[in-house]
Amino acid sequence: CFNLNNLIYISSQANYVSFFINTKGTIKEHILRNSLTNIITELATYKNIIRCHNSYIVNTNYINSISGNARGYFLESKIIEKQIPVSRKFSKENLTKFIN
């Protein structure tokens, strides 16, 4: 159990999902056997939690910038080094709404 405000992003591989949680300035990974579809359904009421890609859910409160081009955009955060890929269904205009 964790505070949802501390969730940075969730990624999936096969039948497992990894939660990346901001815990007192360090990032901890928690792995569960589940699917992103089940998780996003549970988190549907939280407007700052979005599924940006087939394999990623992000907390937009941690997103600081967008990189890439029309071939592929990435969400970036100052707190993590990883670039999070974005599905092509999102336009750059839609993505800019998520930047804090």
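**Exercise 1. State the accessible surface of the protein and the share that belongs to carbon and sulfur atoms.**

Solution. The accessible surface is about 6400 Å². Carbon and sulfur atoms hold 48% of this surface. Areas come from the Shrake-Rupley method with a 1.4 Å probe, and for residues only the protein chains shown count as cover. This is a predicted model: local features need pLDDT of at least 70, side-chain atom pairs count only at pLDDT 80 or more, and totals for chains, interfaces and linings use all residues. Residues are numbered from 1 along each chain as its sequence is written, and side-chain values use heavy atoms, with hydrogens and water left out.

**Exercise 2. Check the radius of gyration against the globule rule.**

Solution. Start with the rule: 2.2 Å times the number of residues to the power 0.38, with the radius taken over C-alpha atoms. For 100 residues, a compact globule would have a radius near 13 Å. The protein has 13 Å, so the two agree. Next, the box: along the principal axes, the C-alpha atoms fill roughly 35 × 30 × 25 Å. Last, burial: 40% of the 100 residues count as buried (under 20% relative accessible area; exposed is over 50%, partly exposed in between; 1.4 Å probe, protein chains only).

**Exercise 3. Place strand β5 in the fold and find its partners.**

Solution. List the elements: 2 helices and 8 strands, in the order β-β-β-α-β-β-β-β-β-α from the N terminus. These are DSSP runs numbered from the N terminus, helices being H or I of at least four residues and strands E of at least two.

Now pair the strands; DSSP must find at least two bridges between them. Strand β1 (residues 7-13) pairs with β5 in the antiparallel sense over 3 bridges. One bridge joins Ser11 to Tyr56. Strand β4 (residues 49-53) also runs antiparallel to β5, over 4 bridges. Here Arg51 has Ile57 as its bridge partner. β4 and β5 form a hairpin with 2 residues between them.

Finish with the side chains. In a regular strand they alternate between the two faces of the sheet. In β5 (residues 56-59), Tyr56 and Val58 point one way, Ile57 and Asn59 the other. All four are buried.

**Exercise 4. Which sign does phi take at Ala14 and at Lys24?**

Solution. Most residues other than glycine have a negative phi. Ala14 has a positive phi, near 55 degrees. Lys24 has a positive phi too, near 50 degrees. Locate them: Ala14 lies in the loop between β1 and β2 (16-23), Lys24 in the loop between β2 and β3 (26-33). Ala14 counts as exposed because its relative accessibility is 80%. Lys24 is exposed at 84%.
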